[in-house]
Amino acid sequence: MKIIAVIPARYASTRFPAKLMQDLGGKTVILRTYEAAIATQLFDDVFVVTDSSIIFDEIVSNNGKAIMSIKEHESGSDRIAEAVQDMNVDVVVNVQGDEPFINKKPLEELIAVFKNDTENKVDLASLMFQIHDKDEINNPNNVKVITDQQGFALYFSRSVIPFPREENVGVHYMKHIGIYAFRKQALLDFYRLPMLSLEASEKLEQLRYLEYGKRIRMVETEHGSIGIDTPEDLEKARK
């Protein structure tokens, strides 16, 4: 089974423009993320795929592997699908470009899902962890996920799911971490299928997979992601 990591990297960012090219202890954020992905030693290859010649040059000039996107893309999945469509790979792991502090263990757990999936029931795997604070649960920037008894995602939402009409029934609230591992075919199917109403409403690309019947196996982890979304996040990262 050939497993690669692909890091989608946009130069423009609504909340923090050019964040991937900011200095983080003597190296750019995107270069640190790329090197961290390689350092896990989990992947047969690691690529950055980008719409920016600045990011492309940053990776290549540091002896890394980068791919320029040919088209404009709405989502990271689209960008990755274009990049890998002609590659001979089985599983593609999407590593977020603004998360330089990669934790190896949850990535190992994602990859294990496919190694153990002898009947090919899983199209994608992704991560979640339990949240308890009501403000966190109610925050629409925190995407929540509910699963069936086998751990397959039933729905993702920015809203509170499930709604706590009855509070003392042992419901756990799970926050979705946007790190995915895809079977290559599921990724290519996503690329070719049009957006439907649920994805358009919630602005969550993972809903396209569910709307078209793909199976997303969720893996619970204790390791929350540490991303750089704002200048304040960058200062914390530097410290």
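**Exercise 1. Identify the residue in β9 that is the bridge partner of Ile-146, and describe the hairpin around this pair.**

Solution. In this predicted model, the bridge partner of Ile-146 in β9 is Tyr-155.

Step 1. The two strands concerned are β8, residues 144-147, and β9, residues 153-157; they run antiparallel and are joined by four bridges.

Step 2. Between the strands of this hairpin there are five residues. Gly-151 has a positive phi in the hairpin, near 90 degrees.

**Exercise 2. Determine how many helices and strands the protein has, and assess its overall form.**

Solution. Step 1. The protein contains nine helices and 11 strands.

Step 2. Its radius of gyration is 18 Å, and the globule rule gives 18 Å for 239 residues; the protein is therefore as compact as a globular protein of that length.

Step 3. Along the principal axes, the C-alpha trace spans about 55 × 40 × 35 Å.

Step 4. Of the 239 residues, 50% count as buried. The accessible surface amounts to about 12,400 Å², and carbon and sulfur atoms account for 47% of that area.

Step 5. Consider contacts between residues at least 6 apart in sequence: 68% of them join residues at least 24 apart.

Step 6. The protein carries 29 positive and 37 negative charges, and the mean positions of the two sets are 1 Å apart.

**Exercise 3. Decide whether Thr-33 is buried or exposed, and list its contacts outside its sequence neighbourhood.**

Solution. Step 1. Thr-33 belongs to helix α1, which covers residues 29-39.

Step 2. The relative accessible area of Thr-33 is 0%. A residue counts as buried under 20%, so Thr-33 is buried.

Step 3. Once neighbours within four places in sequence are set aside, Thr-33 is in contact with Ile-7, Val-95, Gln-96, Gly-97, Glu-99, Pro-100 and Ile-102.

**Exercise 4. Establish the phi values of Asn-63 and Asn-120, and state whether these residues are buried or exposed.**

Solution. Step 1. As background, most residues other than glycine have a negative phi.

Step 2. Asn-63 is not a glycine, yet its phi is positive, at about 65 degrees. Asn-63 lies in the loop between α2 (53-60) and β5 (66-68).

Step 3. Asn-120 also has a positive phi, near 55 degrees, and is likewise a residue other than glycine. The loop that holds Asn-120 runs between α4 (104-115) and β7 (124-131).

Step 4. The cut-off for an exposed residue is over 50% relative accessible area. Asn-63 has 75% relative accessibility, so Asn-63 counts as exposed. Asn-120 has 54%, so Asn-120 counts as exposed.

**Exercise 5. Find the form of the peptide bond from Ile-161 to Pro-162, and locate Pro-162.**

Solution. Step 1. Most peptide bonds are trans.

Step 2. The bond from Ile-161 to Pro-162 has omega near -5 degrees and is cis.

Step 3. Pro-162 is situated in the loop between β9 and β10, the latter being residues 173-183.

**Exercise 6. Place Phe-129 in the structure, and give the separation of its C-alpha atom from that of Glu-222.**

Solution. Step 1. Phe-129 is part of strand β7.

Step 2. Its relative accessible area is 18%. This value falls under the 20% cut-off, so Phe-129 is buried.

Step 3. Phe-129 and Glu-222 are 93 residues apart along the chain, while their C-alpha atoms are separated by 6.0 Å.

Notes: Residues numbered from 1 in each chain as written. Predicted model: local features only at pLDDT ≥ 70, side-chain atom pairs only at ≥ 80, totals over all residues. Heavy atoms only, no water. Rg over C-alpha atoms; globule rule 2.2 N^0.38 Å. Buried < 20%, exposed > 50% of the residue type's maximum accessible area, 1.4 Å probe, protein only. Contact = heavy atoms within 4.5 Å. Areas by Shrake-Rupley, 256 points an atom, 1.4 Å probe, with all protein chains shown as cover. Lys, Arg positive; Asp, Glu negative; His and termini not counted. Charge placed at Lys NZ, Arg CZ, Asp CG, Glu CD. Pairing = 2+ DSSP bridges.
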